[in-house]
Amino acid sequence: MGDDHRGSPRSDLKAQQEAAREPQSGAPPRIKGPILCFVGPPGVGKTSLGQSIARAMNRKFVRISLGGVRDEAEIRGHRRTYIGAIPGRIVQALKQAGAINPVFMLDEIDKITSGGFQGDPAAALLEVLDPAQNHSFRDHYLEINVDLSRVLFIATANQLGTIHPALLDRMEIISLAGYTEDEKLHIARRYLIPRQLEENGLTAGMVTIEDGAVGRMIAKYTREAGVRGLERQIGAVARKVAARVAGAIPVPVGAGGNGPPTVTAANLTEYLGPPKVHDEVSFRVSRPGVATGLAWTESGGDVLFVEASLLPDGHGNIILTGQLGNVMQESARAAVSHIRAATKTLGVSGDFLNSHDLHIHVPAGAIPKDGPSAGVTMATAIVSALKNQTVREDVAMTGEITLSGLVLPVGGIREKALAARRHGIKTLVLPARNEPDLAELSPEVKKSLRFVPVETLEQVLAAALPT
Ligand SMILES: Nc1ncnc2c1ncn2[C@@H]1O[C@H](COP(=O)(O)OP(=O)(O)OP(=O)(O)O)[C@@H](O)[C@H]1O
Ligand SMILES: [Mg+2]
């Protein structure tokens, strides 16, 4: 799906063929299909997938970015009574396409901001995206009905949370969670490396980038769901090679004398410097009172560490730090309360708050965090602190906890599983009711992780704090 071949003779030829075919003779076929919305972290190919769909359907591709659009007039145009009035973006894009049936990408639909001067842009989009109404979309500037029913709309978003609910209701959500290392390696081989070599004026024979080197770039220089960072690293390697070919810098040590250089896992540091990401998990959980959780973020999944510490000479206070949102603070309190109520079954001493304070901290305090899914992680960190026992370093967990110690399902399992893999986690503890989500995982991910579905906190602890 990569948009390689940009500007190559092949794509020029294609463009000519397309131009010859558009506008098509006779009425273009009507599609009353669903309006698609690709959701996923940055760099997983949402925009390029839309371009590929247009190419495959032999239609024009136009794209408008909705990030930061505030006024209804930007979508629907200004009335001509206003000075400087112009048509809305929809009509402008159709004009640019020169066709009535393009593939029309509404990029970053989650970043529309309401609260402009003239109404809500999301409200104007409601009409655009409604197959029952959009055959007569009215632009304020043109003052004639525009038929949008032949346009194939595709929206993209990083997250669903900020999309207007009525808009969301009109779209078919397709979520792209991110790539595994193996998929990234193939994308690099087939698209990213050829494109970067070309962009830096190199030909295939001038350098060999071994799979091992790409694998190391994926594991040690980028930690992302998509492939943008990987492409940047490949670009950096290509520029180093190009500078060497041009004689601007000396041959890197051990890079094969005068022949074309070979980039291997071993000599990668000569091109990219020392590794940029480090395996943190085992280091962080090497002390009692620290547990590894999994979080869903806009940029895919990530691990998060929860620390708990019992402070002597206290008065039973609970201290929560690390920019926790309200939901997270409440789930921390629920976790504490459940542990206090169930000290016997959990095997911890009953009066732990009598003369102590309890401090729960989620490091990376600069990042605001919220959501219920760290409940089990906080409970595990507290029990680990109370028992003075370290949590297993290869275990990560996610799940909401109730006051009675039950584990409730959470979202984003796919993203979380991919993040766990990236961080070298072997065992993923997840709510039993999230088990159906595992069907969506690729066999490769399923094979590399052991999943422990749980219904109660005791089961979480059995997996994370074995006695
Ligand atoms: N499966 C893939 N095959 C080939 N190239 C890919 C693939 N996925 C992503 N890429 C490349 O990664 C880059 C980023 O992709 P793209 O711009 O489509 O991401 P996006 O999902 O739209 O991200 P954002 O949410 O930030 O807009 C592009 O250069 C694209 O060619
Ligand atoms: Mg995009």
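**Note on helix packing, cores and Arg80**

1. Helices α14 and α17 are oblique to each other, because their axes cross at roughly 60°, and angles that are neither under 35 degrees, over 145 nor from 65 to 115 count as oblique. The model is a predicted one. The two axes come within 10 Å, and the crossing of α14 and α17 is right-handed. On the α14 side the contact is made by Val376, Ala379, Thr380 and Val383; on the α17 side (residues 457–464) it is made by Leu457, Val460, Leu461 and Ala464.

2. Val460 deserves a separate entry. Setting aside residues up to four places away in sequence, Val460 touches Val376, Thr380, Met397, Val407, Val429 and Val454. Val376 and Thr380 belong to the α14 side of the helix contact described above. Val460 is also among the residues with the most contacts inside the largest nonpolar core.

3. That core has 78 residues. Along with Val460, the residues with the most contacts inside it are Val306, Ala335, Met378, Ala379, Ile382 and Ala464. Helix α14, spanning residues 375–387, supplies the largest share of the core, with eight residues. At least three residues come from each of domain 2 (181–272) and domain 3 (281–464). Apart from this core lies another, of 38 residues, which includes Leu94, Phe137, Phe153 and Ile163. In soluble globular proteins, nonpolar side chains tend to be buried together.

4. A second helix pair is formed by α7 (residues 181–199) and α9 (residues 228–245), whose axes come within 10 Å and cross at roughly 45°. That angle makes α7 and α9 oblique to each other. The crossing in which α7 passes α9 is right-handed. From α7, the contact involves Lys184, Ala188, Leu192, Ile193, Gln196 and Leu197. From α9, the contributors are Leu230, Glu231, Ile234, Gly235 and Ala238.

5. Is Arg80 buried or exposed? Arg80 counts as partly exposed, because 13 C-beta neighbours lie inside 10 Å, whereas a buried residue needs 20 or more and an exposed one has 12 or fewer. Arg80 sits in the loop between α3 (72–76) and α4 (89–97). Neighbours within four places in sequence aside, Arg80 is in contact with Ala85 and Tyr141. Arg80 and Glu143 are 63 residues apart in sequence, with a C-alpha to C-alpha separation of 9.1 Å in space.

Conventions:
Residues are numbered from 1 along each chain as its sequence is written. Chains are lettered from A and ligands numbered from 1 in the order in which they are written. This is a predicted model: local features need pLDDT of at least 70, side-chain atom pairs count only at pLDDT 80 or more; totals for chains, interfaces and linings use all residues. A nonpolar core is a set of buried Ala, Val, Leu, Ile, Met, Phe, Trp, Tyr and Cys residues joined through C-beta atoms within 7 Å. Helices (H or I, at least four residues) and strands (E, at least two) are DSSP runs, numbered from the N terminus. Domain bounds come from an automatic or database domain assignment. Two residues are in contact if their C-beta atoms, placed from the backbone, lie within 7 Å. Axes are lines fitted to C-alpha atoms, for helices over the stretch in contact, and angles run from 0 to 180 degrees between N-to-C directions. A crossing is left-handed if the near helix is turned anticlockwise from the far one by less than a right angle, and right-handed if clockwise.
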